[in-house]
Amino acid sequence: MGASSGIGREVAKLLLEEGWSVGLAARRTEPMEEMRKVYPDLATVMCIDITADDAPARLLQLVETMGGVQLYLHASGIGKQNRQLEAGIEARTIATNVAGFASMIDTMFGYMAAHGGGHIAVISSVAGTKGLGPAAAYSASKAFQSTYIQALEQLSNSRKLGISFTDIRPGFVDTDLLTGDSYPMLMQKGPVARQIVRAIGRRRHVCVIDWRYRALVFLWRRLPNWLWRRVRFAPVSTLHATPPKEESVR
């Protein structure tokens, strides 16, 4: 989910190269159709807006067309700095990263529970480690995602459903949505995608990408809350120069 560009597209290409049968889903179908032309026997395309009422039904339709799934990767999300707390930005972020996210994860959880288990992988973010003032809804939504799948894995274990989860937490990745802006410790999407595929293959529970962000997260977690509340982030250009899309921003 979120395979039209960015990290989702890169991971989909790697899986197709490895011979996986892959269902490609996003709002924009043109980039996914390009992949289907290269891998006509392996790629299946479905237009899905995760915030739409028909998204669960369309996702299950895609799964049925493929004849079932063993792995679901959720790489769909939006993010934007919003220091002024513009209501529309916060609402869109919550609708996509919280409500839309939960809708898709719940749908796949239900499907896998009824079909002998499976693997759900989610691209969340290191932004969910602590509340980030410049992007309140975004960082809170990423914390929600990590906590949500942790809870669902506990639920799966208690019900003996055989559903495992992988929480993938990148930092800033050089995708189209960050073009033209300056970000610290910017990572290239190709190497990031390879680390993601490796983490999924090993069924890691949590994978922070890469070592620099692991060090950063280690420090963030050890800062006392009274000190974190006084941290000031230097202004950075907005994460979206255009209206938010379905791809992920890390």
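Lys160 sits out in the open in this predicted model, being exposed with a relative accessible area of 75%. Its place is the loop between α5 (136-159) and β5 (163-170), and its backbone stands out a little: phi of Lys160 is near 55°, a positive value in a residue other than glycine. Arg203 turns up with a similar story, as another non-glycine residue with a positive phi, here about 55°. Arg203 belongs to the loop between α6 and β8 and is partly exposed, at a relative accessible area of 46%. A further backbone oddity comes at the step from Ile209 to Asp210, where the peptide bond is cis and omega is near -5°. Asp210 falls in the loop between β8 (206-209) and α7 (211-222). As a rule, most residues other than glycine have a negative phi, and most peptide bonds are trans.

Ile209 also leads into the interior. The largest nonpolar core has 33 residues, and Ile209 is one of the members that touch the most others, along with Val11, Leu24, Ile123, Ile168, Ile196 and Ile200. Helix α6 (residues 189-201) is the top contributor to this core, supplying six residues. Ile168 gives a good view of how the pieces meet. Once its neighbours within four places in sequence are set aside, Ile168 is in contact with the run Ala121, Val122, Ile123, Ser124 and Ser125, and also with Ile196, Ile200, Cys207 and Ile209. A second core lies apart from the largest one; it has 25 residues, including Met46, Ile120, Ile149 and Leu161. In general, nonpolar side chains tend to be buried together in soluble globular proteins.

Leu71 offers another look at the inside. This residue is part of strand β3 (residues 71-74) and counts as buried because its relative accessible area, 18%, is under the 20% cut-off. Neighbours within four places in sequence aside, the contacts of Leu71 are Trp20, Met112, His119, Ala121 and Ile200. Ala121 and Ile200 also appear among the contacts of Ile168. Along the chain, Leu71 and Met108 are 37 residues apart, yet 9.4 Å separates their C-alpha atoms.

Met108 comes up again in the packing of two helices, α3 (residues 55-66) and α4 (residues 87-114), whose axes lie 9 Å apart at an angle of about 45°. That angle makes α3 and α4 oblique to each other, and α3 passes α4 in a right-handed crossing. On the α3 side the contact is built from Ala55, Pro56, Leu59, Leu60 and Val63, and these meet Ser103, Met104, Thr107, Met108 and Tyr111 of α4. Sorted by class, this contact between α3 and α4 comes out at eight nonpolar residues, two polar and no charged ones.

Then there is the pairing of α1 (residues 6-17) with α2 (residues 30-38). Here the axes are 11 Å apart and the packing angle is about 15°, so α1 and α2 are roughly parallel to each other. The crossing of α1 past α2 is right-handed. Arg9, Ala12, Lys13 and Leu16 make the contact from α1, while α2 brings Pro31, Met32, Glu34 and Met35. The contact of α1 with α2 has five nonpolar residues, no polar ones and three charged.

Notes
Residues are numbered from 1 along each chain as its sequence is written. This is a predicted model: local features need pLDDT of at least 70, side-chain atom pairs count only at pLDDT 80 or more; totals for chains, interfaces and linings use all residues. Side-chain values use heavy atoms; hydrogens and water are left out. A nonpolar core is a set of buried Ala, Val, Leu, Ile, Met, Phe, Trp, Tyr and Cys residues joined through side-chain atoms within 4.5 Å. Buried means under 20% relative accessible area, exposed over 50%, partly exposed in between (1.4 Å probe, protein chains only). Helices (H or I, at least four residues) and strands (E, at least two) are DSSP runs, numbered from the N terminus. Contact means heavy atoms within 4.5 Å. Axes are lines fitted to C-alpha atoms, for helices over the stretch in contact, and angles run from 0 to 180 degrees between N-to-C directions. Angles under 35 degrees count as roughly parallel, over 145 as roughly antiparallel, 65 to 115 as roughly perpendicular and the rest as oblique. A crossing is left-handed if the near helix is turned anticlockwise from the far one by less than a right angle, and right-handed if clockwise. Ala, Val, Leu, Ile, Met, Phe, Trp, Tyr, Cys and Pro count as nonpolar, Asp, Glu, Lys and Arg as charged, and the others, Gly among them, as polar.
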